[in-house]
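Student: I am new to this structure and would like a close look at a single part of it, taken slowly. Could you then lead me outward from there?

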Amino acid sequence: MLDEFTHGPRVAYFSMEIALRNEIPTYAGGLGVLAGDTVRSAADLMIPMVAVSLVSRAGYFHQQIDAQGRQVAQAVFWEPERWTRALDAKIAVPIDGRTVWVGAWLYVVEGHMGGRQPVLLLDTDLNENHPEDREITHYLYGGDTAYRLKQEIVLGIGGLRMLQALGVTVRHYHMNEGHSALLGLELLRWYTYPTEDVRPGESHYNLPRVRDLCSFTTHTPIEAGHDRFSYELVQRVLDSDFDIESIKHLAGEDNLNMTRLALNLSEYVNGVAKKHAEVSNAMFPGYRVHAITNGVHPFTWAAESFRQLYNHYLPGWCHEPQLLMRADCCIPDAAIWESHVQAKQYLIKKVQAITGVSLDPKLPIIGYARRMTAYKRPGLLFSDIERLKKIARHHPFQVVLAGKAHAHDENGKHLIEQLYAHARDLAGTITVIYLPEYNIELAQALTAGADVWLNTPLPPLEASGTSGMKAALNGVPSLSILDGWWMEGCIEGVTGWAIGDGMEIADGDGHELYDKLEQVVFPLYYSNDRSNWIKVMKGAISKNASYFNSHRMMRRYATEAYIR
Ligand SMILES: *Cc1c(COP(=O)(O)O)cnc(C)c1O
């Protein structure tokens, strides 16, 4: 079953989450969507890869929101057999003193030129396992610290053994976040000097060889996003024949810091935007963190109407999205507008079907959808309700929101309640809709169907952000705080607009947001000559979609990280 993937060496891409299709809930947010886009681009560009992730049988969670705005999370048990094929290989990893058997499901990503890439979803829910161990690969980002460590043992060590058992030759390992860094420990065990060559006090491990084989991408500057495990836990749960003293050298003396481990085991390290690389270099002194700015997969994130538009005016764009840079001169205004009207109509229909509310196609829609968490500041748009109402009296508009809060993030859940309260208070003045269950399909509809894409993170905490890139691909300009990718993407008035000046002390951001809406964005939208607005739509496509795509990102990983 795997024969077509075993004759040549491949790059093994490790990620705790991956967004393969809407029906497969093995992702929580940006990291998983990026992993999916990476493999989709590899398939289009025929870069031989194999992705390794967990089957997450209970998914992330299905989000319902009650009338008060309280999030209700439900596990979504999906059926791997419906979308993937069971592989007959089985490997074992010792965890917590028991042997845990790991199986794998194969999902094949197909590119538009016929390229195919295998994705392995690791699964411990096997009859031969202890009931507790069968759940290790059930809940994405669920459970306690010990549960997380067990998942990371399965992903890193189990993943490596599975690739070996399947006969996949790996030329390079790409760790995304520290979650998979234990694979490096297993590699060290594979690459050990013969005992007679090791002088007393020196390591048996061939570290340079392992570092040569590994790259590491860090995806967040938020401390809580970097896993740490106490050595007491590690000693209990991890295979006892790893040499803890050597691990301490690589992963920290006080506790096992997965990010530090990944940094020390990788010759090439990068952040996901230029600003994020700078921030990471300051966070991890002594390491060189390069920058490869994220991108989104062109075909996946273009609405049907834009796919047709680009097929007609810029054939080949799916393979070479650089061609989109010609959009400003080569696509007539009326055709761009017509494609947008269709994408907006699609969103309006979807909102109607989900909520029963009919949005007005003539009024601009502000779109905002992302994980609901404090640093993303979803409440900034509502920080001065009177001012917002005053703006709407001159230039009426509508708002569509969506996003999940992590099940343990009480603050994030509270933010959703507050947004619900604002929506209720503004009813009759400004239509504010909150759509539950943000997923790939909703993200497609929202990023293409909105008129303006809003982002209000607290700098420098947004590593990159990718939803604004999806918007750009559909001619939707961003109005955003200068952080993450927008530091590179924003050309004021040409590709969208900045809020504030990117400073971290951001008390005035609310006013700046209102000023921009009131004085710049809405007057342009409502101006008698629509061509001025369409010019910005074209700027978003030609300057940003042509660059912030995952094909460009993949070509950079291939030439700078994988081939060295
Ligand atoms: C693109 C996407 C994200 C990430 O968006 P950000 O702008 O990086 O916050 C999260 N969830 C889904 C479903 C997405 O499609």
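Student: Is Glu177 buried or exposed?

Tutor: Glu177 counts as buried, because its relative accessibility is 5% and the cut-off for a buried residue is under 20%. Please keep in mind throughout that this is a predicted model, and that the values below are computed from it. The residue is found in the loop between strand S9, which covers residues 170-176, and helix H5, and its backbone deserves attention as well, since Glu177 is a residue other than glycine and yet its phi is positive, near 65°.

A useful companion is Met46, which is not a glycine either but has a positive phi of about 55°. Met46 sits in the loop that runs between helix H1 (30-45) and strand S2 (49-54). With a relative accessible area of 47%, Met46 is partly exposed, whereas Glu177 is buried.

From the loop that holds Glu177 we can pass to helix H5, and this leads us to a cavity. The model has three cavities of 30 Å³ or more, and the largest of them has a volume of about 40 Å³. Its lining is made up of Leu185, Leu188, Tyr205, Phe242, Asp243, Ser246, Ile247 and Leu250. Two elements, helix H5 (182-190) and helix H8 (244-251), each give two or more residues to this lining, and H8 gives the most, with three. In chemical character, six of the lining residues are nonpolar, one is polar and one is charged; by the usual grouping, Asp243 is the charged residue and Ser246 the polar one.

Two further backbone features complete the tour. One is a cis peptide bond between Pro459 and Pro460, where omega is about 5°; Pro460 lies in the loop between strand S18 (452-455) and helix H18 (467-473). The other is in helix H20, residues 509-525, which bends by about 40° at Leu517. Leu517 is itself among the buried residues of H20, a list that also includes Leu513, Tyr514, Lys516 and Val521. An α-helix has 3.6 residues a turn, so residues three or four places apart point the same way. With that in mind, you may wish to follow Leu513, Leu517 and Val521 along the helix, each of which is buried.

Conventions:
Residues numbered from 1 in each chain as written. Predicted model: local features only at pLDDT ≥ 70, side-chain atom pairs only at ≥ 80, totals over all residues. Heavy atoms only, no water. 1 Å grid on protein atoms, 1.4 Å probe; cavity = no way out; pocket = protein on both sides within 12 Å on 5 of 7 lines; lining within 4 Å. Points joined across faces, edges and corners; volume = space filled by probe spheres on them. Helix = DSSP H or I, 4+ residues; strand = E, 2+ residues; numbered from the N terminus. Bend = angle between axes of the 7 residues up to and from the residue. Buried < 20%, exposed > 50% of the residue type's maximum accessible area, 1.4 Å probe, protein only.
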